[in-house]
Amino acid sequence: GKFLKTCGIEPTVYVPVSARDGVNVVTKSSGEMPWYDGPTLLEALNDLKRLPSPIEGPLRLPVQDVYKFNRHGNDERMTIGRIASGVLNVGDDVVFSPSGKRSTVKGLRRFAGDDPDRLQAGQNATVILQDELYVARGEIMHRADDGPSIGRMLSGRIFWLGRKPLRVGGVYGLRMATAELECEVVAIPNTTDAATLSTLYDAPQVERNQIAEVVVRTTKPLACDVDGGCPDTRRFVLLDGYDIAGGGQVGALEPLARD
């Protein structure tokens with residue numbers, strides 16, 4: 001329980017079971033564990049709440065690129081990306097973070113078949129905006145009333161696989177969705193050895209195969225989700241040179257002031 005708490009996990013119930021005898025797996029103990037009056041394993045699993053589907057989440061469209069294309073004699077600027085969560089409709093007012101640029105969806109394009117009026121999570125999107133904006137790769141399209149957090153100082157829990165230790169003061173690449181930038185490790189509040197589960201606080205570095213909480217400062221503002229939201233805009237990887245050396249999830253972000 002103590003180890004799970006360091007990982008940000010809070011169990012809802014502990015179920016003592018005997019797999020050999022089937023005790024508390026499907027049916028409750030009939031005398032083997034008189035001290036336990038909680039649910040069986042099957043009952044506990046049935047009580048788990050369903051996570052919302054990506055379609056039910058907030059609109060998140062990480063921008064992959066922007067192209068110009070001549071269509072019926074007219075140049076159109078197309079914002080390209082894959083919808084990570086939510087639904088996008090023609091006519092929606094949208095914002096791009098972290099830049100704060102705003103526009104309205106004028107149209108959605110499909111190169112094979114009729115143009116759609118609506119796209120959802122998991123689908124590739126070619127978006128024509130009402131305004132001819134230039135939006136950089138790595139921006140996140142969202143609705144104004146349900147946007148991601150924006151900041152440069154983030155903390156997260158990672159698993160480190162790098163051949164060299166991750167060190168305080170080290171500069172690493174950070175990728176999240178389509179965003180790519182550099183970050184500096186500011187602090188390592190704690191590390192946990194995956195084999196022994198022993199914890200070291202205020203560590204100077206993270207060794208290979210260790211779990212750690214890290215605080216990093218990015219070179220430019222980053223848009224991401226902290227609570228709930230979209231998994232694709234919470235998960236990130238760290239690069240040591242050209243190698244992916246660690247991965248984790250954002251736990252907190254020190255927000256920047258927004259206009």
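**Salt bridges, cores and empty space in the predicted model**

Arg-143 is partly exposed, with a relative accessibility of 23%. This value, like the others in this section, was computed from a predicted model. The partner of Arg-143 in a salt bridge is Asp-92, and the closest N and O atoms of the two residues are 2.7 Å apart. The bridge joins distant parts of the chain, since Arg-143 is in the loop between β8 (140–142) and β9, Asp-92 is in the loop between β3 (87–89) and β4 (93–97), and 51 residues separate the two. Asp-92 has a relative accessibility of 14% and counts as buried. The two ends of this bridge therefore fall on either side of the limit of 20% relative accessible area, under which a residue is called buried.

In the whole structure, 13 salt bridges were found. One of them is formed by the side chains of Arg-137 and Glu-180, with an N to O distance of 3.9 Å. Because Arg-137 is in the loop between β7 (124–129) and β8, while Glu-180 is in strand β12, this pair ties together parts of the chain that are 43 residues apart in sequence. Arg-137 is partly exposed, at a relative accessible area of 46%. Glu-180 is partly exposed too, and its relative accessibility is 46%.

Strand β12 also holds Glu-184, and strand β15 holds Arg-217. The side chains of Glu-184 and Arg-217 meet in a salt bridge of 3.7 Å, N to O. The positions of the two residues are 33 residues apart in sequence, so this bridge again ties together separate parts of the chain. Arg-217 is partly exposed, with 33% relative accessibility, and Glu-184 is partly exposed, with a relative accessible area of 32%. Salt bridges also link Lys-68, Arg-77 and Glu-132 in a network.

The nonpolar residues were examined next. In soluble globular proteins, nonpolar side chains tend to be buried together. The largest nonpolar core of the model contains 25 residues, and the members that touch the most others are Ile-158, Trp-160, Leu-166, Leu-174, Ile-188, Phe-236 and Leu-238. At least two residues of this core come from each of the strands β9 (149–160), β11 (171–176), β12 (179–193), β15 (210–224), β16 (235–240) and β17 (243–255). Phe-236 gives an example of the contacts made by a core member. With residues up to four places away in sequence left out, Phe-236 touches Leu-154, Ile-158, Leu-174, Arg-175, Met-176, Gly-247, Gly-248, Gln-249 and Val-250. Another core, of 17 residues, lies apart from the largest one, and its members include Val-66, Leu-88, Phe-96 and Val-127.

Phe-96 is also among the contacts of Leu-129, a residue of strand β7. When neighbours within four places in sequence are set aside, the residues in contact with Leu-129 are Thr-79, Val-94, Phe-96, Ser-103, Thr-104 and Lys-106. Leu-129 has a relative accessible area of 8% and is therefore buried. Between the C-alpha atoms of Leu-129 and Leu-256 there are 26 Å, and along the chain the two residues are 127 residues apart.

A buried residue is also found in the loop between α1 (2–6) and α2 (41–46), where Asn-24 is placed. The relative accessible area of Asn-24 is 1%, so this residue counts as buried. Without its neighbours up to four places away in sequence, Asn-24 is in contact with Val-15, Pro-16, Val-17, Ser-29, Met-33, Tyr-36, Thr-40 and Leu-41.

Empty space was considered last. Rolling a probe the size of a water molecule over the atoms shows where such space is left. The whole structure has one cavity of 30 Å³ or more. The volume of the largest cavity is about 30 Å³, and its lining consists of Pro-62, Gly-138, Ile-140, Met-176, Ala-177, Thr-178, Ala-179, Leu-222 and Ala-223. Seven of these lining residues are nonpolar, two are polar and none is charged. Met-176 in this lining is also one of the residues touched by Phe-236.

The largest pocket has a volume of about 400 Å³. Its lining is made up of 16 residues, and those nearest the centre of the pocket are Leu-51, Pro-52, Gly-228, Gly-229 and Pro-231. Seven residues of the pocket lining are nonpolar, six are polar and three are charged. Charged residues are thus present in the lining of the largest pocket and absent from that of the largest cavity.

Technical notes. Residues are numbered from 1 along each chain as its sequence is written. This is a predicted model: local features need pLDDT of at least 70, side-chain atom pairs count only at pLDDT 80 or more; totals for chains, interfaces and linings use all residues. Side-chain values use heavy atoms; hydrogens and water are left out. A nonpolar core is a set of buried Ala, Val, Leu, Ile, Met, Phe, Trp, Tyr and Cys residues joined through side-chain atoms within 4.5 Å. Buried means under 20% relative accessible area, exposed over 50%, partly exposed in between (1.4 Å probe, protein chains only). Helices (H or I, at least four residues) and strands (E, at least two) are DSSP runs, numbered from the N terminus. Contact means heavy atoms within 4.5 Å. A salt bridge is a side-chain nitrogen of Lys or Arg within 4 Å of a carboxyl oxygen of Asp or Glu. On a 1 Å grid over the protein atoms alone, a cavity is a set of points where a 1.4 Å probe fits but cannot get out, and a pocket is an open set with protein on both sides within 12 Å along at least five of seven lines; lining residues have an atom within 4 Å of a point. Grid points are joined across faces, edges and corners, and a volume is the space filled by probe spheres set on the points. Ala, Val, Leu, Ile, Met, Phe, Trp, Tyr, Cys and Pro count as nonpolar, Asp, Glu, Lys and Arg as charged, and the others, Gly among them, as polar.
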